[in-house]
Amino acid sequence: MRWIFGVFLSLCACQASTLPVLRADLGTPRRAADLLAVLDQPGPLTVQTVASAQWQVDLSGLLDLTDPRAQAAGLTERAEPITVYFHAIHHPTRGLFLIDTGVETAERDDPPHAKVQGLVRHFMKSDKLQVTQPLGAWLKAQPDAVAGVLFTHLHIDHIWGVPDLPPTALYVGPGESTAREFQHLFVQGPTDALLAGQKALRELAFQPDADGRFAGVLDVFGDGSLWAIWTPGHTPGSVAYIARTPQGPVLFTGDTCHTAWGWQHGVPPGTFTGDRPLNQDSLDGLRKLAAEHPAMQVRLGHQALEAAALDVQLPDDGVVRGAGGKFGR
Ligand SMILES: [Zn+2]
Ligand SMILES: [Zn+2]
């Protein structure tokens with residue numbers, strides 16, 4: 001009987017979105033050493049992180065509460081306050097790019113006509129969402145149009161602001177839209193609704209990092225100003241970004257790490273993550289990079305780090321499992 005159930009599940013497994021997927025027109029494959037060579041040099045980008053909404057979700061989704069470090073700290077299930085962010089990256093010649101999109105204006109002004117409706121709206125506890133700065137309201141105050149959106153991944157809370165955008169270039173990590181998973185049966189509808197009006201997704205073309213340190217490294221604009229690091233685990237195509245600014249580098253982890261506690265203690269997300277061991281590898285790799293470059297600001301998926309917490313400690317045993325391990329050649 002079990003094989004029949006397996007066949008049933010595989011028949012149900014579908015893509016995250018039915019939007020066509022094209023190869024990205026941005027991104028030059030590099031190795032980790034190329035990134036490290038310029039990381040601490042001042043760069044030309046300006047960055048702004050916008051808190052689009054405040055929300056509350058289950059801590060067991062944000063943090064793996066079965067992790068011995070979480071259990072030792074006595075962490076148990078609770079409603080955890082989080083923020084839904086988007087980030088604006090200004091490049092002197094390429095213009096304005098967004099990392100993720102925050103929340104659409106209709107969630108604040110006209111919830112019955114918001115794109116996320118039905119059961120998914122119920123399960124996402126949208127009644128706990130307080131929209132403070134919808135993407136559309138922010139865009140109206142900007143002199144520049146959006147040249148493109150770089151998604152850390154396609155979970156609904158990262159594409160929630162897309163309905164406020166005109167058709168634009170949308171960039172995703174490898175397999176982010178095309179991997180077939182059973183749970184996509186439930187989110188493909190709302191994902192497609194949020195992306196309706198857009199023409200295609202453009203998949204970043206990572207190649208294996210020749211240094212074996214990361215799954216893949218891209219120089220997004222080809223001038224060393226903005227870097228993409230493939231951080232699979234939370235989702236297949238999760239991507240972190242590093243922007244080089246005049247004040248130093250800024251790391252955007254996406255949901256490879258949702259919470260400040262998770263970053264400080266090296267504990268990956270819980271039930272919101274698809275592959276926890278792989279997420280742990282990717283998280284370890286980013287924490288090691290931050291520990292080696294203490295001037296780098298770290299902006300997490302859904303919570304702010306206190307300035308004092310930027311001095312990231314390596315895991316207690318001193319072993320960073322992501323480096324040269326799963327991603328090694
Ligand atoms: Zn996520
Ligand atoms: Zn998220």
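This report walks through a sheet, a strand trio, one glycine and the nonpolar core of a predicted model.

## The six-stranded sheet

Let's start with an open sheet built from six strands, ordered E2-E10-E11-E12-E13-E14, with mixed pairing. The edge positions go to E2 (28-30) and E14 (297-299); each of these has a single partner strand, so one side of each has no neighbour in the sheet. Going from one strand to the next, the twist averages 25°.

At the E2 end, the partner is E10 (residues 217-219): the two strands run antiparallel and are joined by three bridges. If you want a spot to click on, try Arg30, which stands opposite Val217 in E10. As a bit of background, strands in a sheet pair up through backbone hydrogen bonds, and they can do so in parallel or antiparallel fashion.

## Gly248, a residue in strand E13

Strand E13 covers residues 248-252, and Gly248 is part of it. Is Gly248 buried or exposed? Neither label quite fits: Gly248 counts as partly exposed because 17 other C-beta atoms lie within 10 Å, while being buried would take 20 or more and being exposed 12 or fewer.

Who does Gly248 touch, once residues up to four places away in sequence are set aside? The contacts are Asp40, Pro42, Ala295 and Met296. There's also a distance you can check against His293: that residue is 45 residues away from Gly248 along the chain, and their C-alpha atoms are 10.0 Å apart.

## E4, E5 and E7

Elsewhere in the model, strand E4 (residues 79-91) and strand E5 (residues 95-99) make a hairpin, with three residues between them. The two run antiparallel, and five bridges hold the pairing together on paper. Here Ala88 faces off with Leu98 in E5, the two standing opposite each other.

E5 also pairs with strand E7 (residues 146-150), this time in parallel, through four bridges. In that pairing, Leu96 stands opposite Val146 in E7.

## The nonpolar core

The largest nonpolar core has 73 residues. Which of them touch the most other members? That would be Tyr171, Trp227 and Tyr241.

Tyr171 is a handy place to zoom in. Skipping its neighbours within four places in sequence, Tyr171 contacts Ala24, Leu26, Arg202 and Leu204, along with Gly148, Val149, Leu150 and Phe151. Of that list, Gly148, Val149 and Leu150 fall in strand E7, which spans residues 146-150.

Key: Residues are numbered from 1 along each chain as its sequence is written. Chains are lettered from A and ligands numbered from 1 in the order in which they are written. This is a predicted model: local features need pLDDT of at least 70, side-chain atom pairs count only at pLDDT 80 or more; totals for chains, interfaces and linings use all residues. A nonpolar core is a set of buried Ala, Val, Leu, Ile, Met, Phe, Trp, Tyr and Cys residues joined through C-beta atoms within 7 Å. Two residues are in contact if their C-beta atoms, placed from the backbone, lie within 7 Å. Two strands pair if DSSP finds at least two bridges between them. Axes are lines fitted to C-alpha atoms, for helices over the stretch in contact, and angles run from 0 to 180 degrees between N-to-C directions.
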